[in-house]
Amino acid sequence: MEAFLISTGLVSIAEIGDKTMLLAIMLAAAWRRPLPILLGIVVATLANHAVAALAGSMLARFMDGDWVRWVVGLTFLGFAIWALIPDRFDQAPDRTAKTPAGIFWATTVAFFLIEMGDKTQVATAMLAAQFQNLPLVVAGSTLGMMLVNGPAVLLGETAARRLPLGWIRLAAAAGFAATGVWVLLAG
């Protein structure tokens with residue numbers, strides 16, 4: 001359960017104000033069809049984070065315990081710094097996809113691609129390396145993404161204007177830093 005809960009918490013905090021959250025808001029504002037957008041986000045996140053968790057798990061198998069601890073711990077400390085940098089997403093979505101299937105596939109592809117190399121994807125890989133439990137890490141990181149992107153889609157731009165993103169970024173940085181220190185000290 002620890003892998004699931006930590007994955008959910010860290011990814012949800014890190015996702016607030018992230019470029020994928022901004023994409024969710026933009027898609028919701030452009031298409032006003034929440035169901036295919038939400039389904040596209042779930043499918044893209046499951047696929048993307050499964051690949052990330054598999055990569056993290058494989059990394060842990062090729063490195064011995066002390067190396068994994070140092071790589072994971074220092075990576076999370078790096079995430080703490082990265083979380084302080086606001087994401088920007090300046091590109092408008094393609095407004096031509098009007099059918100539910102078109103909206104679903106456009107959302108799925110856009111989310112999968114924009115999540116590549118993102119801090120939540122890399123965090124998922126590091127969590128999988130740490131916990132060696134792919135199903136729980138992927139389920140937790142996907143739930144964390146949906147806890148943020150679900151309301152972002154449903155509430156759209158109103159939520160984005162009212163959330164204190166600066167404070168949330170600080171909380172995410174603190175969470176990543178605490179996790180990095182915990183991994184380094186507790187092993």
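# A guided tour of an all-helical predicted model

Read along the sequence, the chain follows the pattern α-α-α-α-α-α-α-α-α. The model is a predicted one. Display the whole chain as a cartoon to begin: the secondary structure comprises nine helices and zero strands. Colouring by accessibility shows that 48% of the 187 residues are buried. If contacts are drawn for pairs with a sequence separation of 6 or more, 94% of them join residues 24 or more positions apart.

## Stop 1: helix α7 and its partners

Select residues 134–155, which form helix α7. Two packed helices are described by the angle between their axes and the distance between the axes. Three partners of α7 can be inspected in turn.

Add α2, residues 19–31. The axes of α2 and α7 are 8 Å apart, and the packing angle is about 30 degrees. Because of this angle, α2 counts as roughly parallel to α7. The crossing of these two helices is right-handed. To see the contact, show the side chains of Thr 20, Met 21, Ala 24, Ile 25 and Ala 28 on α2, together with Met 145, Val 148, Asn 149, Ala 152 and Val 153 on α7.

Replace α2 with α3, residues 34–62. Here the angle is about 150 degrees and the axes lie 9 Å apart. The angle therefore places α3 roughly antiparallel to α7. This crossing, too, is right-handed. Contributors from α3 include Pro 34, Ile 37, Leu 38, Ile 41, Val 42 and Thr 45, and, further along, Ala 53, Leu 54 and Ser 57. On α7 the contact includes Leu 134, Val 138, Ser 141, Met 145, Met 146, Asn 149 and Gly 150.

Next, select helix α6, residues 119–131. The axes of α6 and α7 come within 10 Å and cross at roughly 150 degrees. The two helices are therefore roughly antiparallel to each other. In this pair α6 passes α7 in a right-handed crossing. The contact brings Thr 120, Thr 124, Leu 127, Ala 128 and Phe 131 of α6 together with Val 137, Ser 141 and Met 145 of α7.

## Stop 2: Asn 149 and Met 146

Centre the view on Asn 149, in helix α7. Is Asn 149 buried or exposed? Asn 149 counts as buried because its relative accessibility is 0%. Beyond its neighbours within four places in sequence, Asn 149 is in contact with Glu 15, Thr 20, Met 21, Ala 24, Leu 38, Ile 41 and Phe 111. Asn 149 also takes part in the α2 contact and in the α3 contact.

Move to Met 146, likewise in α7. Its relative accessible area is 17%, so Met 146 is buried. Outside its neighbours within four places in sequence, Met 146 meets Leu 38, Ile 41, Val 42 and Pro 151. Draw a distance from Met 146 to Ile 41: their C-alpha atoms are separated by 7.8 Å, although the two residues are 105 residues apart along the chain.

## Stop 3: the nonpolar cores

Which members of the largest nonpolar core touch the most other members? Select Ala 24, Leu 27, Trp 31, Ile 37, Ile 41, Phe 111 and Val 153, which hold that position in a core of 19 residues. Helices α2, α3, α5 (100–115) and α7 each supply at least two residues of this core. The largest share, eight residues, comes from α2. Another core, of eight residues, lies apart from it; Ala 3, Leu 127, Phe 131 and Val 138 are among its members.

## Stop 4: Asn 48

Return to helix α3 and select Asn 48. Asn 48 counts as buried because its relative accessibility is 0%. Not counting residues up to four places away in sequence, Asn 48 touches Phe 112, Glu 115, Met 116 and Gln 121.

## Stop 5: the aromatic pair

Finish with the rings of Phe 104 and Trp 105, which form an edge-to-face pair. Their centres are 4.8 Å apart, with 75 degrees between the planes. The count for the model is one aromatic pair. The two partners differ in accessibility: Phe 104 counts as buried because its relative accessibility is 18%, whereas Trp 105 is exposed, with a relative accessible area of 54%.

Methods:
Residues numbered from 1 in each chain as written. Predicted model: local features only at pLDDT ≥ 70, side-chain atom pairs only at ≥ 80, totals over all residues. Heavy atoms only, no water. Helix = DSSP H or I, 4+ residues; strand = E, 2+ residues; numbered from the N terminus. Buried < 20%, exposed > 50% of the residue type's maximum accessible area, 1.4 Å probe, protein only. Contact = heavy atoms within 4.5 Å. Core = buried A, V, L, I, M, F, W, Y, C linked by side-chain atoms within 4.5 Å. Phe/Tyr/Trp six-rings, centres within 6.5 Å; stacked < 30°, edge-to-face > 60°. Axes fitted to C-alpha atoms, helices over the stretch in contact; angles between N-to-C directions. Parallel < 35°, antiparallel > 145°, perpendicular 65-115°, else oblique. Left-handed = near helix turned anticlockwise from the far one by under 90°.
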